[in-house]
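Welcome, and thanks for taking a look at this one with me. Please have the sequence and the model open side by side as you read.

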Amino acid sequence: MASPLTVGSARVKEARKLSRRSVRTERRLFLADGPKAVEGALGVPGCVVEVFATITGSVEYADLLSAAHVVTPVDDRALAALSDAVNPAGVVAVCRHLDVPLAQLLSRSSQDQDGRRPVIEPRPRLLVICADVRDPGNAGTVIRTADAVGAVGVVLAGHSVDLHNPKTVRASVGSVFHLPIALESDPAVAVAAARAAGYRVLAADGAGEVDLFAADLSQPTAWLFGNEAWGLPDDLAALADHRVAIPIHGRAESLNLSTAAAVCLYASARTQQR
């Protein structure tokens, strides 16, 4: 009879295929690597299919794994095959895809993530639209920031990075599991839908005509962010109500995407929560 570790290694071979985007898309499954990601996934009902854990991981994260329905023991080598981290933490979960339809995201109002309990603290009416954001670290950090400010959700539009890329999930530090995220192939459609839902659209643009700290940020706002290298194309930025620039007082040429998003989102959240 095969040992549990042998059986686990066989299951790892199937799970390892999820490192390819085409397989993730076909199966609607992805990998959540590390305790923060697994904890976030276990907090979403029905998200986790299976958790792989080494002996060390099973001991160190025993309380966390007690919430999992299926925990498969594997050796260190097998688990390392599922992780792209330099030093794997010892736990990896197979999860169901998280994205929601854009219409569902925009209809979210005074309910929390699971759609049942009312939110007690007031939340800013903020939406994030990322157009052609290619770097998984940037995408994950923007999602994390949107989560931190209490945004309604995030839209990954155009040719943006795969939401379920392991690097995106890890960079979000669990935030991909905390707020709704929609995928939209056409950024212009996302902008039009946000406006129809009552959001004013502000495009973050270094050459914008409005200074961020002079802008009226009190209204429900959809922030539109562009690609890391070339920003927003003119035809897309023209769809926004205003192009907004973050003032730079030193000699730096610009801010990177995730930093600019953090500055814009916190400026809006602070104004709306006053």
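## Cysteines

A disulfide here is a pair of cysteine sulfur atoms within 2.5 Å. Keep in mind that this is a predicted model. With that cut-off, a search of the whole structure turns up 0 disulfides.

How far is the sulfur of Cys-47 from the closest cysteine sulfur? The partner is Cys-95, and the separation is 4.2 Å, so the two sulfurs are too far apart for a bond. Cys-130 is in no disulfide either, its nearest cysteine sulfur being that of Cys-264, 12 Å away. As for their surroundings, Cys-47 counts as buried because its relative accessibility is 3%, and Cys-130 counts as buried at 1%.

## The chain as a whole

The protein chain is built from 12 helices and 11 strands. Its C-alpha trace spans about 70 × 40 × 35 Å along the principal axes. For 274 residues, a compact globule would have a radius of gyration near 19 Å, and the 20 Å of the protein chain agrees with that.

Of those 274 residues, 49% count as buried. Among contacts with a separation of 6 or more, 77% join residues 24 or more positions apart.

## Surface and charge

About 13600 Å² of the protein chain is exposed, and carbon and sulfur atoms supply 52% of this area. The chain carries 27 positive and 29 negative side chains. The centres of these two sets lie 4 Å apart.

## Two buried strand residues, Thr-221 and Gly-153

Let's move to some individual positions. Thr-221 lies in strand 10, which covers residues 221-225. Is Thr-221 buried or exposed? Its relative accessibility is 0%, so Thr-221 counts as buried. Leaving out residues up to four places away in sequence, Thr-221 touches Arg-125, Leu-126, Leu-127, Tyr-199, Arg-200, Leu-202 and Gln-272. One of these, Leu-126, is 95 residues apart from Thr-221 along the chain, yet their C-alpha atoms are separated by 5.1 Å.

Gly-153 sits in strand 6 (residues 153-157) and is buried, with a relative accessible area of 0%. Its contacts beyond four places in sequence are Leu-105, Leu-126, Leu-127, Val-128, Leu-179 and Pro-180. Leu-126 and Leu-127 appear among the contacts of Thr-221 and among those of Gly-153. From Gly-153 to Ile-143, 10 residues apart in sequence, the C-alpha distance is 8.4 Å.

## Val-91 and Val-86

Val-91 is placed in strand 4, residues 91-96. A relative accessible area of 0% makes Val-91 buried. Setting aside neighbours within four places in sequence, Val-91 is in contact with Ala-32, Asp-33, Gly-34, Pro-35, Val-38, Phe-52, Ala-53, Gly-57, Tyr-61, Leu-65 and Leu-79. Leu-102 makes an interesting counterpoint: Val-91 and Leu-102 are 11 residues apart in sequence but 32 Å apart in space, C-alpha to C-alpha.

Val-86 belongs to the loop between helix 6 (76-80) and strand 4. Val-86 has 77% relative accessibility and therefore counts as exposed, whereas Val-91 is buried. The C-alpha atoms of Val-86 and Leu-127 are 34 Å apart, with their positions 41 residues apart in sequence.

## Loop residues with positive phi

Most residues other than glycine have a negative phi. Which phi does Arg-28 have? The value is near 60°, positive in a residue that is not glycine. Arg-28 is found in the loop between helix 2 (21-27) and strand 1 (29-33). At 40% relative accessibility, Arg-28 counts as partly exposed.

Asp-132 likewise has a positive phi, of about 60°, without being a glycine. The loop that holds Asp-132 runs between strand 5 (126-131) and helix 8 (136-149). Asp-132 has a relative accessibility of 16% and so counts as buried, while Arg-28 is partly exposed.

Conventions. Residues numbered from 1 in each chain as written. Predicted model: local features only at pLDDT ≥ 70, side-chain atom pairs only at ≥ 80, totals over all residues. Heavy atoms only, no water. Buried < 20%, exposed > 50% of the residue type's maximum accessible area, 1.4 Å probe, protein only. Helix = DSSP H or I, 4+ residues; strand = E, 2+ residues; numbered from the N terminus. Rg over C-alpha atoms; globule rule 2.2 N^0.38 Å. Contact = heavy atoms within 4.5 Å. Areas by Shrake-Rupley, 256 points an atom, 1.4 Å probe, with all protein chains shown as cover. Lys, Arg positive; Asp, Glu negative; His and termini not counted. Charge placed at Lys NZ, Arg CZ, Asp CG, Glu CD.
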